[in-house]
Amino acid sequence: MKTLSVQEASQSLSDWLRRAASGEQIAITEGDCTVLLQPLSQSQASAAKGLPAREALRRLQSRSRFTAARAEDYLREVGAERLTDGRRSGQ
């Protein structure tokens, strides 16, 4: 299994995704959290595409390391990015 930091993975993410899709085990760590890259089955992929945002967050929170506090941090970060993007485009 290849284990990478977030910084290492982000430098060539498409390569790591291709390797994971072909069956190689790729783990990405940040602090004490480690996630495994792996392809979804067809049924999982179909189910994930149609999830409303609230349900997607609920499922992420049900996993051991994604807490409500992390979800709130994520939503704040996304909101800030949208505001910044809107300001750049003159909205």
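**Entry 1: a term and a first pair**

I count a salt bridge when a side-chain nitrogen of Lys or Arg lies within 4 Å of a carboxyl oxygen of Asp or Glu. I am working on a predicted model. With that cut-off in hand, I looked up Arg76 and Asp73. Their side chains meet in a salt bridge, at 2.5 Å from N to O. Both residues lie in helix H5, which covers residues 68-88. They stand 3 residues apart, about one turn of the helix. I then checked their cover. Arg76 is exposed, with a relative accessible area of 53%. Asp73 is partly exposed, at 42%.

**Entry 2: the other salt bridges**

How many salt bridges does the structure hold? I found 3.

I went next to helix H2. Here the side chains of Arg18 and Asp15 meet in a salt bridge, 2.6 Å from N to O. Arg18 and Asp15 are 3 residues apart in helix H2, about one turn. Is Arg18 buried or exposed? Arg18 is exposed, because its relative accessible area is 51% and exposed means over 50%. Asp15 has 35% relative accessibility and counts as partly exposed.

I also noted Glu24 and Arg19. Their side chains form a salt bridge, with 2.9 Å between N and O. Glu24 is partly exposed, with a relative accessible area of 29%. Arg19 is partly exposed too, at 35% relative accessibility.

**Entry 3: the whole chain**

I stepped back to the fold. The protein chain has 5 helices and 3 strands. Along the sequence I read the pattern β-α-α-β-β-α-α-α.

I asked what share of the chain is buried. Of its 91 residues, 13% count as buried. The accessible surface comes to about 7300 Å². Carbon and sulfur atoms hold 51% of that surface.

I looked at contacts as well. I took those with a separation of 6 or more. Residues 24 or more positions apart account for 29% of them.

**Entry 4: the nonpolar core**

Which residues make up the largest nonpolar core? I listed 7: Leu4, Ala9, Trp16, Ala20, Ile26, Ile28 and Leu37. Two elements give two or more residues each to this core. They are helix H2 (13-21) and strand S2 (26-30). In soluble globular proteins, nonpolar side chains tend to be buried together.

I followed Ala20 from this core. I left aside its neighbours within four places in sequence. Ala20 is then in contact with Ile26, Leu37 and Pro39. Ile26 and Leu37 are on the core list with Ala20.

**Entry 5: Ala9**

Where is Ala9 found? I placed Ala9 in helix H1, residues 6-11. I count Ala9 as buried, because its relative accessibility is 3% and buried means under 20%.

What does Ala9 touch, beyond its neighbours within four places in sequence? I found contacts with Leu4, Trp16 and Ile28. Leu4, Trp16 and Ile28 are also members of the core.

I took one distance from Ala9 to Ala27. These residues are 18 apart along the chain. Their C-alpha atoms are separated by 9.2 Å.

**Entry 6: what I keep**

I keep two pictures. One is the core, with Ala9 and Ala20 among its 7 residues. The other is the set of 3 salt bridges. Among their partners are Arg18, exposed at 51%, and Arg76, exposed at 53%.

Notes. Residues are numbered from 1 along each chain as its sequence is written. This is a predicted model: local features need pLDDT of at least 70, side-chain atom pairs count only at pLDDT 80 or more; totals for chains, interfaces and linings use all residues. Side-chain values use heavy atoms; hydrogens and water are left out. Helices (H or I, at least four residues) and strands (E, at least two) are DSSP runs, numbered from the N terminus. Buried means under 20% relative accessible area, exposed over 50%, partly exposed in between (1.4 Å probe, protein chains only). Contact means heavy atoms within 4.5 Å. Accessible areas come from the Shrake-Rupley method with a 1.4 Å probe; for residues, only the protein chains shown count as cover. A nonpolar core is a set of buried Ala, Val, Leu, Ile, Met, Phe, Trp, Tyr and Cys residues joined through side-chain atoms within 4.5 Å.
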